[in-house]
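Subject: Structure handover

Hello,

Here is the structure I promised to pass on. Please open it next to this email and follow along.

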Amino acid sequence: MKEHKIGIILNGVTGRMGTNQHLIRSILAIRDQGGIQVSPDEIITVDPILTGRNANKLQSLAEKHNVERWTTDLDAALQDDYNQIFFDASSTLHRAKFVEMAAKAGKAIYCEKPTAVTTDEAVRLANICSDAGVKNGVVQDKLWLPGIRKLKTLIDQGFFGRILSVRGEFGYWVFTGHDENQPAQRPSWNYRKEDGGGIIIDMLCHWRYVIDHVFGKVKSVSCTGATHLPERIDEEGKPYNCTADDSCYATFELENGVICQFNSSWDVRVRRDDLLVMQVDGSHGSAIVGLRKCWVQPLGATPKPVWNPDIPQPIDFFEGWQEVPDATEFDNAFKIQWEMFLRHVVLDEPFPYDLMEGAKGVQLAELGIESWKDRAWKDIETL
Ligand SMILES: NC(=O)c1ccc[n+]([C@@H]2O[C@H](COP(=O)([O-])OP(=O)(O)OC[C@H]3O[C@@H](n4cnc5c(N)ncnc54)[C@H](O)[C@@H]3O)[C@@H](O)[C@H]2O)c1
């Protein structure tokens, strides 16, 4: 058996995303399943090294999960040829310096989104990677959510006829921390613009690749943002001013004529099927898409409601939908993309989700913010 053992630097991994999705659900899951069998006699195995600033946090995370290697000396980890991949899940504004260091050290680079908060910077980082000739990629996890994979199958099978519109509703209530026993469940930097926070920069990056890959190329954007809650409590228990948008209401026009409308909010209470739900309406059928589940209603089974508020609604609108069954097993979305990136690095398989693709997400977010400020539609130029 030929083993490709890959040393992977996991930077900023003591944070929310780094620990849960990337370390535990992806890299350690790959380690614990014995690697990725890429042919009957070839396997890719992973050997992570955790890097960051706080030795105590790194050590306890490493010990808790049986990871042998950790260090606060990122330079040394980068100098070690054994480590072929550098991954970054630190907060957004730190990304650039780490990507630059890793490109200089000749590592394959994989990182969380957004890669930057301006298009110029995101494109600069993409160019640094391509100039250095290093393989690179950005997390676009939503593409491998079971619900979205089911939707993609329906589209490929022609279920919708012509897709007309998409309504996306994303969000949940993020506690401010003011009330006893209701601590905030997201980091405080998310609500400070000066620290790279804001829901537009966070979520429009996702909507860009979801729309581009699933519904068609985005042509223009109109977006309104808001900071509905002006004060929250930080990790030290101190109040701080929220300087970043915590909700946004965006409409996207696609080159193929489809209209997509996505509301994203950290101050909305959930009475829908999931934290992200998309309704896709087509000439021949519609679908409701959550993170894992998907329901459909074909034209032939579409009820015919009549507007009459004087009587109780005779139709149970929820009954007229059929759930799409799980036709396969769905692995964790982050892990699927990690496996693709590892195969890209080791076997040179295609990996289209590179830093330039990531820059497109930043571009849509930046134009969304400009649209809000100028109260105007913004067209998207090709990067
Ligand atoms: N793909 C997704 O769905 C998704 C979801 C949430 C967040 N994110 C992105 O992931 C990144 C991390 O977000 P999070 O919610 O985990 O934030 P977080 O604040 O929980 O984690 C950030 C981590 O970076 C570390 N860090 C900060 N500065 C550092 C430095 N100078 N050197 C080394 N480490 C440093 C922190 O100690 C912490 O461990 C952000 O860019 C965010 O936009 C992606």
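Helix α7 is a good place to start. This is a predicted model, so keep that in mind throughout. Helix α7 covers residues 199-215, which makes 17 residues. From its first C-alpha to its last it reaches 22 Å. That is close to the 24 Å expected at 1.5 Å a residue. Of its 17 residues, 15 are buried, so α7 is largely enclosed by the rest of the structure. Gly216 follows the helix, and its phi is positive, near 140°.

Now the overall layout. The protein is divided into two parts, and each is built from two stretches of sequence. Domain 1 takes residues 2-141 and 333-353. Domain 2 takes residues 142-329 and 363-378. Their C-alpha centres lie 28 Å apart. Where they meet, 14 residues of domain 1 are in contact with 14 residues of domain 2. On the domain 1 side, helix α8 (residues 333-347) provides the largest share, 3 residues. That side has 5 nonpolar, 6 polar and 3 charged residues.

Next, the ligand. Where does it lie relative to the two domains? Both domain 1 and domain 2 give residues to the shell around the ligand, so it lies between them. The shell holds 22 residues. The closest are Gly12, Gly15, Arg16, Met17 and Ser90. Helix α1 (residues 16-32) gives the most to this shell, with 3 residues. By class, the shell has 6 nonpolar, 10 polar and 6 charged residues.

Then look at the sheet. It is open and has 9 strands, with mixed pairing. The order is β17-β16-β15-β14-β8-β13-β12-β9-β18. The edge strands are β17 (322-323) and β18 (378-379), and each pairs on one side only. Trace one pair inside the sheet. Strand β8 (residues 163-171) and strand β14 (residues 276-282) run antiparallel, joined by 7 bridges. In that pair, Gly168 stands opposite Met278 in β14.

One residue deserves a closer look: Arg232, in strand β10 (residues 231-233). Is Arg232 buried or exposed? Arg232 has 22 C-beta neighbours inside 10 Å, and the cut-off for buried is 20 or more. Arg232 therefore counts as buried. Leaving aside residues up to four places away in sequence, Arg232 touches Thr176, Gly177, Ala184, Ser188, Tyr191, Tyr240 and Cys242. Take Gly177 from that list. Arg232 and Gly177 are 55 residues apart in sequence, yet their C-alpha atoms are 6.3 Å apart in space.

Last, some backbone details to find on screen:

- The peptide bond from Lys113 to Pro114 is cis, with omega near -15°. Pro114 sits in the loop between β6 (108-111) and α5 (119-132).
- Asn66 is not a glycine, but its phi is positive, about 55°. Asn66 lies in the loop between α2 (55-64) and β4 (69-71). Asn66 is exposed, with 9 other C-beta atoms within 10 Å.
- Asp348 is not a glycine either, and its phi is positive at about 65°. Look for Asp348 in the loop between α8 and α9 (355-374). Asp348 has 9 C-beta neighbours inside 10 Å, so it counts as exposed.

Best wishes

Conventions. Residues numbered from 1 in each chain as written. Predicted model: local features only at pLDDT ≥ 70, side-chain atom pairs only at ≥ 80, totals over all residues. Near = placed C-beta within 6 Å. Helix = DSSP H or I, 4+ residues; strand = E, 2+ residues; numbered from the N terminus. Nonpolar A, V, L, I, M, F, W, Y, C, P; charged D, E, K, R; others polar. Domains from an automatic or database assignment. Expected span 1.5 Å × (residues − 1). Buried ≥ 20, exposed ≤ 12 C-beta atoms within 10 Å, placed from the backbone. Pairing = 2+ DSSP bridges. Contact = placed C-beta atoms within 7 Å.
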